[in-house]
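The following exercises concern the structure shown below. Each task is followed by a solution that proceeds step by step.

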Amino acid sequence: MTSSSYKYLLRSASLMAAALLLSGCSLVHYHVNEQNAVYSPNSGYRVQSTNLAPGASKMFMVVMFSGGGARSAALGYGVLEELARNKFEWQGKSERLFDEVDLVYGVSGGSILAAYYGLHGEDVLKEFNDKFLNLDFEDKVVSRVISVSNQWRLSSPRFGRSDLLEEQLDEALFNKATFADLINKRKGPFTIISATDMSSGGRFDFMQETFDFICSDLSKFPIARAVAASSAVPLVFSPITLWNYAGSCGFNAPDSLLALEKSKGGGWSAAAARSRTRELLSYLDREKRPFIHLLDGGLADNLSIRGMLDMETMLGTEAVRRDFHLDEMTKLVLIVVNAQNNMDHTIDLSGDVPGFSDVARAVSDIPIARYTQESERAMQASIERWQQSAKAEAQKNNRAPPDIYYINIGLKNLEDEEKRRELLNVQTSLYLPKKTVADLRGAASALMQESSDFQRLLKDLNARRVDDARLPPPAAKPTSSPANVTAAE
């Protein structure tokens with residue numbers, strides 16, 4: 001073969017490769033959420049069509065997993081282990097607090113654990129440690145991103161690094177499950193995964209009530225993709241994009257929401273409710289917002305707390321009372337798993353201009369830390385408001401109001417000073433050494449035992465057992481309150 005012939009073939013091969021690459025880019029596309037042709041208010045993965053009754057024990061328990069990568073997943077896993085270890089007697093049977101969890105929220109790293117717990121229930125205790133915490137998940141994702149075979153996919157404007165994160169989540173944890181599986185095969189509590197709307201900065205909750213605004217069918221949406229959206233740390237992962245079909249399915253915003261938008265009430269909570277209302281109503285303007293781009297859920301609400309606070313805004317007061325069976329419960333237990341870290345900074349020790357990594361960390365951490373403090377204050381204020389409202393409602397119906405327990409499991413609350421500082425300096429990543437995972441699980445157990453409200457819950461359940469024991473045995477099947485809390489070995 002002559003030199004000129006070789007050059008011609010090489011040039012032809014290069015042109016063919018470029019053509020294939022360009023045609024391939026046009027074929028590579030992220031998963032597009034499906035349109036919902038007809039609005040159906042009683043179907044789909046929605047709070048309103050799910051039985052969230054507190055059960056025979058009349059105890060309603062909510063667990064909220066914060067952001068923080070594997071650090072959050074490990075701390076949250078330790079909380080679930082502690083709930084499984086603590087038992088109480090009910091109608092002659094020993095029951096675990098773990099089985100009393102009715103509702104779970106998850107953002108960012110916490111969404112990985114929350115989604116797996118909701119889908120697999122009991123199996124989270126047996127499988128999650130090996131399938132995620134002990135797996136070098138971060139290395140798996142990085143390998144996909146730098147793989148030569150994926151470079152042509154990443155060159156497409158309709159495919160990004162979060163799509164590779166979704167694939168790894170599916171391979172390791174979710175096996176192509178969709179929200180239809182959470183409707184039909186869910187073994188755990190009702191789970192809400194949250195991301196952040198890149199334009200408005202508001203929460204975007206993966207439940208059908210939110211998807212109704214964009215006339216989309218959540219049941220066909222992959223769970224791994226929702227988790228990838230919730231975990232899409234800016235600059236590290238790409239946003240997840242939803243297509244907006246608003247106005248095509250017959251959905252109209254609830255009257256309560258429209259009235260709230262026009263309300264003139266004062267105070268922080270009223271202003272926050274109006275702001276949330278405007279965020280939701282913005283989805284109805286399809287011309288201005290044909291696409292919705294989602295990022296890490298921790299940017300809008302790193303503690304998942306605002307999901308609880310926003311529920312009343314979205315559904316309305318009466319709907320919340322009905323769907324959550326507020327008049328039936330005797331105990332409302334709220335567990336916030338706060339894996340926020342507080343790494344030691346050394347930039348103030350040098351006169352040099354801080355580098356890119358220092359600035360990037362500050363841009364990410366400072367707003368989240370300040371917003372987290374605000375969320376905690378809002379939660380405390382809301383609990384006080386709920387308590388007053390519950391007392392007033394109970395007096396009208398001549399019954400006792402429900403007891404409310406706010407169990408804040410935060411690394412900053414750890415009493416062991418040395419261990420607290422060590423764990424507050426654990427970086428945010430998708431992989432941690434086994435020792436660090438074990439330390440975080442141990443810290444969760446210690447924090448539960450150190451929580452005054454958790455101890456009050458155990459004491460109250462035990463006290464009710466004593467009261468029940470004084471009563472004569474019932475002739476029919478017992479319907480008394482739960483009893484006798486013990487620590488399982």
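**Exercise 1. Helix 2 against helix 4**

Determine how the axes of helix 2 and helix 4 are oriented to each other, and describe the contact between the two helices.

Solution. The model is a predicted one.

Step 1. Helix 2 spans residues 69–85 and helix 4 spans residues 123–133; their axes come within 11 Å and cross at roughly 165 degrees.

Step 2. Angles over 145 degrees count as roughly antiparallel, and helix 2 and helix 4 are therefore roughly antiparallel to each other.

Step 3. The handedness of the crossing of these two helices is left-handed.

Step 4. On the side of helix 2, the contact involves A70, A73, A74, Y77, L80, E81 and A84; they meet V124, L125, F128, N129, F132 and L133 of helix 4.

Step 5. Sorted by class, the residues of this contact comprise 11 nonpolar, 1 polar and 1 charged.

**Exercise 2. Helix 2 against helix 3**

Carry out the corresponding analysis for helix 2 and helix 3: at what angle do they pack, and which residues make the contact?

Solution.

Step 1. The axes of helix 2 and helix 3 are 6 Å apart, and the packing angle is about 40 degrees.

Step 2. Angles under 35 degrees would count as roughly parallel, and 65 to 115 as roughly perpendicular. Helix 2 and helix 3 are therefore oblique to each other.

Step 3. The crossing of helix 2 with helix 3 is right-handed.

Step 4. Helix 2 contributes G69, S72, A73, G76, Y77 and L80, while helix 3 contributes G109, G110, L113 and Y117.

Step 5. This contact divides into 5 nonpolar and 5 polar residues, with no charged ones.

**Exercise 3. Positive phi at S108 and N175**

For S108 and N175, state the backbone phi, locate each residue, and decide whether each is buried or exposed.

Solution.

Step 1. S108 is not a glycine, yet its phi is positive, at about 50 degrees. N175, likewise not a glycine, has a positive phi of about 50 degrees.

Step 2. S108 is found in the loop that lies between strand 4 (101–107) and helix 3 (109–120). N175 belongs to the loop between helix 7 (161–174) and helix 8 (179–184).

Step 3. The relative accessibility of S108 is 7%, so the residue counts as buried. N175 has a relative accessible area of 65% and is exposed.

**Exercise 4. The disulfide**

Identify the residues joined by the disulfide, and establish which parts of the chain the pair ties together.

Solution.

Step 1. The structure holds 1 disulfide. C215 and C249 are its partners, with an S to S distance of 2.1 Å, and the cut-off for a disulfide is 2.5 Å.

Step 2. The angle about the S-S bond is -70 degrees, and the link of C215 and C249 is left-handed.

Step 3. C215 sits in the loop between helix 9 (208–211) and helix 10 (223–230), and C249 in the loop between strand 7 (240–243) and helix 11 (255–262), so the pair ties together parts that are 34 residues apart in sequence.

Step 4. Both C215 and C249 are buried.

**Exercise 5. The protein as a whole**

How many helices and strands does the protein have, what percentage of its residues count as buried, and what percentage of the contacts with a separation of 6 or more come from residues 24 or more positions apart?

Solution.

Step 1. The protein has 19 helices and 11 strands.

Step 2. It comprises 489 residues, of which 50% count as buried.

Step 3. Among contacts with a separation of 6 or more, 80% are between residues 24 or more positions apart.

Technical notes. Residues are numbered from 1 along each chain as its sequence is written. This is a predicted model: local features need pLDDT of at least 70, side-chain atom pairs count only at pLDDT 80 or more; totals for chains, interfaces and linings use all residues. Side-chain values use heavy atoms; hydrogens and water are left out. Helices (H or I, at least four residues) and strands (E, at least two) are DSSP runs, numbered from the N terminus. Buried means under 20% relative accessible area, exposed over 50%, partly exposed in between (1.4 Å probe, protein chains only). Axes are lines fitted to C-alpha atoms, for helices over the stretch in contact, and angles run from 0 to 180 degrees between N-to-C directions. A crossing is left-handed if the near helix is turned anticlockwise from the far one by less than a right angle, and right-handed if clockwise. Contact means heavy atoms within 4.5 Å. Ala, Val, Leu, Ile, Met, Phe, Trp, Tyr, Cys and Pro count as nonpolar, Asp, Glu, Lys and Arg as charged, and the others, Gly among them, as polar.
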